[in-house]
Amino acid sequence: MRGVSRRGLLGLGLGAAAAMGIAGCGSSDTSGPGAPGPVRNPKNPKPGEKPAARPIGDGSTADTGPQPNQPDAPVPLQPGETPPQFVVFSWDGAGEIGNGLFPRFLKLAKDHGAAMTFFLSGIYLLPESKRHLYRPPNNPVGASDIGYLKDENVRSTLTYVRQAWLDGHEMGTHFNGHFCAGSGSVGRWTPDDWQSEIDQAVSFVTNWRTNTGFTDLDPLPFDYAKELKGARTPCLLGRDGLLPTAQRLGWRYDSSSPGGLQVWPVRRSGVWDLPLQSLPFPGHSFEVLSMDYNILANQSKSTTRGVPANYPGWRTQATATYLGGFRRAYETNRAPLFIGNHFEEWNGGIYMDAVEEALKGMTDKRDVRLVSFRQFTDWLEVQDPKVLARLRGLGPGQSPAGGWSAYMTAA
């Protein structure tokens, strides 16, 4: 995998990144009604307790019942109530490549009562020796712009995906081959192309036992076809082609829109549009997209290994970007904050450190909810449409006139 080519990304006009950002790929206070938070339902299995399993297909996955470690069911906001501050940390690819980042952030999430969304790349569960099984739309058989994992890393990824779901995190999809440039780019794909890509991603997840030959690992404890309710496309390209397919499949949200703002979301084609967002970028007059890669593109430009002497300053700037976006929302319109990441050690791993420090800096604030995209969608869907419309009336950094009580009572 280390011949990984986010090179398609690096070729997508990094000079424009400085103007708009490009697409790359503590215990919380749980008081207050109306929000899923880190409170765990006592009816869930005890930590370490294995739920009963009903094998599916070749035994790669199993139906083990409701997902453990989920918050209580959300309830509608009451008149005059201040909305929670939702934050979603999400991960593109979600493969353990031997750098220990997947378990690092599972532990961080557990330590701070956070749920996250992991957008799993299906081919990360497909051995390279079986690459001929992947037939990407408009690309050669077996092609992939992110490569394939070593067999031992496929094993590790299976272990941590299983743990992530049992810990209460969401498993979405980042599809498969991550094609960002040329005639085979996902930006050119039709709804039928996306259907094929999704079918293959699900197949790689639900048939890993057959494809790998591994017999000593437990099945993934969920029915992926049913669990899969949202996605992020490679490079944030191809959303218009994807949405008809997502709607047909009954997906609830998509996080592929490029250049979103810190405002309350809307549905597009029946699917919640939950984009990465433009955040204030310290030291600059422009904003940057809320993803580690986009911050990198504005720091070290066309390389993921910039000058080491710059790492401390870049780390501080990246942390301040996340926390600045958080504060802007938390202190004004309470729009949800969506942050995207990769399990990569770009520029010496500074973006991983920035994500960790930012998360820690958010957890001690009142009304903060560190949730998955699916949990946030659960909350949206029990709210009065008039309340959501009222929230959408506030722009980025705009405080409610007269304070939250007056503003939301009017809703």
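## Strand β3 and its neighbours

Let's start with a pairing: F86 of strand β3 has R369 of β12 as its opposite residue (two strands pair if DSSP finds at least two bridges between them; strands are DSSP runs of E with at least two residues, helices runs of H or I with at least four, each numbered from the N terminus). The model is a predicted one, where local features need pLDDT of at least 70 and side-chain atom pairs count only at pLDDT 80 or more, while totals for chains, interfaces and linings use all residues. Residues are numbered from 1 along each chain as its sequence is written, and side-chain values use heavy atoms, leaving out hydrogens and water.

Strand β3 covers residues 85–93, and nine of its nine residues are buried, so the rest of the structure largely encloses this strand (buried means under 20% relative accessible area, exposed over 50%, partly exposed in between, with a 1.4 Å probe and protein chains only). Its link to β12 (residues 368–370) is parallel and consists of three bridges. With β11 (residues 337–342), β3 shares six bridges, again in the parallel sense, and here F89 faces I339.

A further parallel partner of β3 is β4 (residues 117–120), joined through four bridges. In this pair, S90 has T117 as its bridge partner. Between the two strands the chain passes through helix α3 (residues 101–111), making a right-handed β-α-β crossover (with the strands pointing away from the viewer, the path from the first strand over the helix to the second runs clockwise).

## A small mixed sheet

Elsewhere, three strands form an open sheet with mixed pairing, in the order β6-β8-β7. Its edge strands are β6 (253–254) and β7 (267–268), each of which pairs on one side only.

Strand β7 runs antiparallel to β8 (residues 271–273), and two bridges hold this pairing. If you would like a landmark in the viewer, look for R268, which stands opposite V271 in β8.

## Two covered helices

How do the 20 residues of helix α10 (residues 311–330) compare with their expected span? They should span 28 Å at 1.5 Å a residue, and the end C-alpha atoms of α10 are 28 Å apart, which agrees (the expected span is 1.5 Å times one less than the number of residues). Of these 20 residues, 14 are buried, so helix α10 is largely enclosed by the rest of the structure.

Helix α12 (residues 373–380) is mostly covered too, with seven of its eight residues buried. Those buried residues are F373, R374, Q375, F376, T377, W379 and L380.

## The disulfide

The model contains one disulfide (a pair of cysteine sulfur atoms within 2.5 Å). It joins C180 to C235, with an S to S distance of 1.8 Å. The torsion about the S-S bond of C180 and C235 is about 75°, so this disulfide is right-handed.

Which parts of the chain does the pair tie together? C180 sits in the loop between β5 (170–173) and α5 (191–206), and C235 in the loop between α7 (224–227) and α8 (239–249), so the pair ties together parts that are 55 residues apart in sequence. Both C180 and C235 are buried.

## The whole chain

Stepping back, the chain has 14 helices and 12 strands. It is 411 residues long, and 59% of them count as buried. Its accessible surface comes to about 15300 Å², with 52% belonging to carbon and sulfur atoms (Shrake-Rupley method with a 1.4 Å probe; for residues, only the protein chains shown count as cover).
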